[in-house]
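Thank you all for coming; I would like to take a few minutes to walk through one model with you. Please have the sequence and the structure open while I talk.

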Amino acid sequence: MTDVKALQQERISIIHDVYDNKIPKRVPVSISLPFEVIAQYGGLDLSEAQWNPSLIEEAADKICETVYSDICVFSGSLRFPSFYQLLKSQSFQMASNGFIQHPEVVGMLPEDYDYLIENPYDCLLERVIPRQYKAFNPNGDPINTAISFTKSILAFNNDMQQCGIIMSKLIEKYGYYPYGFYTGFTEAPFDFLADQLRSFKGISMDIRRMPEKVKEAC
């Protein structure tokens, strides 16, 4: 245990040195693998495991023994089926192989461009989300919307908590950097517009028919 704690202190030191623009003792190793990869590595049924994340603990432990990293190799998941099913999502759905996939669906119509450009937040909330998540209909059915939304948040928090418990155990056992992920991400505006709002087919027509609208929206 002493060696594990010493290793963890070293990891904290080198990662904080990187944060502080100092030359670290060595280069930190950051390898994190998603839920799906680890479930398959452990020979689990992916559909079953995503409905019960606690099933992945043994596989996650095994891969941490196999793959070296200064942060926890098991990175959990942000896309559990319970959350999406409760919201009746058409944007993210579980395929027959257990993977959560993003089908070719449209959340924003061509006539919505002006509203998106003028007030993107309101457009997303009032028009896009109710189309992509059929249980979200605050104007037409506010009671069931509130119930579905509450259930989805509880389900999401429960699934995340199960993964968090596993990660905490692995961080303690293997002496990983203990403060969560130290990386971030960004998304290209055009990619968001094409992927989540207009679909590949829709954006392909838009860039030919109304390129200025696409540019302004981005």
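Let me begin at Glu57, which counts as partly exposed because its relative accessibility is 31%. What you are looking at is a predicted model, and Glu57 is a useful way in, since the side chains of Lys169 and Glu57 meet in a salt bridge, at 3.2 Å from N to O. Lys169 belongs to helix H8, residues 142-174, and Glu57 to helix H4, so this pair ties together parts of the chain that lie 112 residues apart in sequence. Lys169, for its part, is partly exposed, given a relative accessibility of 45%.

Between these two helices there is a further pair, Asp61 and Lys173, which form a salt bridge whose closest N and O atoms are 2.9 Å apart. Here again distant parts of the chain are linked, with Asp61 in helix H4 and Lys173 in helix H8, 112 residues apart. The two partners differ in their surroundings: Asp61 is buried, because its relative accessible area of 19% falls under the 20% cut-off, whereas Lys173 is partly exposed at 45%.

Elsewhere, salt bridges with shared partners join Glu10, Arg11, Lys25, Arg26 and Asp70 into one network. Within that group, Arg26 forms a salt bridge with Asp70, the closest N and O atoms being 2.9 Å apart. This pair also links distant parts of the chain, since Arg26 is in the loop between H1 and H2 while Asp70 is in the loop between H4 and H5, 44 residues away. Is Asp70 buried or exposed? Asp70 is buried, with a relative accessible area of 0%, and its partner Arg26 is partly exposed at 22%. In the whole structure, a search finds 11 salt bridges.

Let me step back to the chain as a whole. There are 10 helices and two strands, and from the N terminus on the elements run α-α-α-α-α-β-β-α-α-α-α-α. The C-alpha atoms fill a box of roughly 65 × 40 × 30 Å along the principal axes, and buried residues account for 37% of the 218 residues. If we take the contacts between residues at least 6 apart in sequence, 67% of them join residues at least 24 apart. The accessible surface comes to about 12800 Å², with 57% of it belonging to carbon and sulfur atoms.

Now to the bent helices. How many degrees, roughly, does H9 bend at Arg198? The bend there is about 115°, and the end-to-end distance should be read alongside it: helix H9, residues 189-209, spans only 19 Å between its end C-alpha atoms, where a straight helix of 21 residues would span 30 Å. Arg198 is itself one of the buried residues of H9, a list that also includes Leu193, Leu197, Gly202 and Asp206. The cover over the buried residues of H9 includes helix H6, H7 and helix H10.

H7 bends as well, by about 30° at Glu126, and a proline, Pro130, follows within four residues. The buried residues of H7 are Cys123, Val128 and Gln132, and what covers them includes H6 and H9. On the surface, Tyr121, Leu125 and Ile129 form a nonpolar patch with about 280 Å² of accessible area together. Ile129 sits in helix H7, residues 120-132, and counts as partly exposed at 30% relative accessibility.

Leu78 deserves a look too. Leu78 lies in the loop between helix H4 and H5, and is exposed, with a relative accessible area of 61%. Leaving aside residues up to four places away in sequence, Leu78 touches Tyr84, Phe156 and Met160. Leu78 and Phe35 are 43 residues apart in sequence and 9.0 Å apart in space, C-alpha to C-alpha.

I will finish with backbone geometry. Most residues other than glycine have a negative phi. Asn21, in the loop between helix H1 and helix H2, has a positive phi of about 60° although it is not a glycine, and Asn21 is exposed at 76% relative accessibility. Lys88, in the loop between helix H5 and strand E1, likewise has a positive phi, near 55°, and is exposed with a relative accessible area of 55%.

Conventions
Residues are numbered from 1 along each chain as its sequence is written. This is a predicted model: local features need pLDDT of at least 70, side-chain atom pairs count only at pLDDT 80 or more; totals for chains, interfaces and linings use all residues. Side-chain values use heavy atoms; hydrogens and water are left out. Buried means under 20% relative accessible area, exposed over 50%, partly exposed in between (1.4 Å probe, protein chains only). Patches are made of residues with over 30% relative accessible area and no salt bridge: like charges are joined within 9 Å, nonpolar side chains (Val, Leu, Ile, Met, Phe, Trp, Tyr) within 5 Å. Accessible areas come from the Shrake-Rupley method with a 1.4 Å probe; for residues, only the protein chains shown count as cover. A salt bridge is a side-chain nitrogen of Lys or Arg within 4 Å of a carboxyl oxygen of Asp or Glu. The expected span of a helix is 1.5 Å times one less than its number of residues. The bend at a residue is the angle between axes fitted to the seven residues ending there and the seven starting there. Contact means heavy atoms within 4.5 Å.
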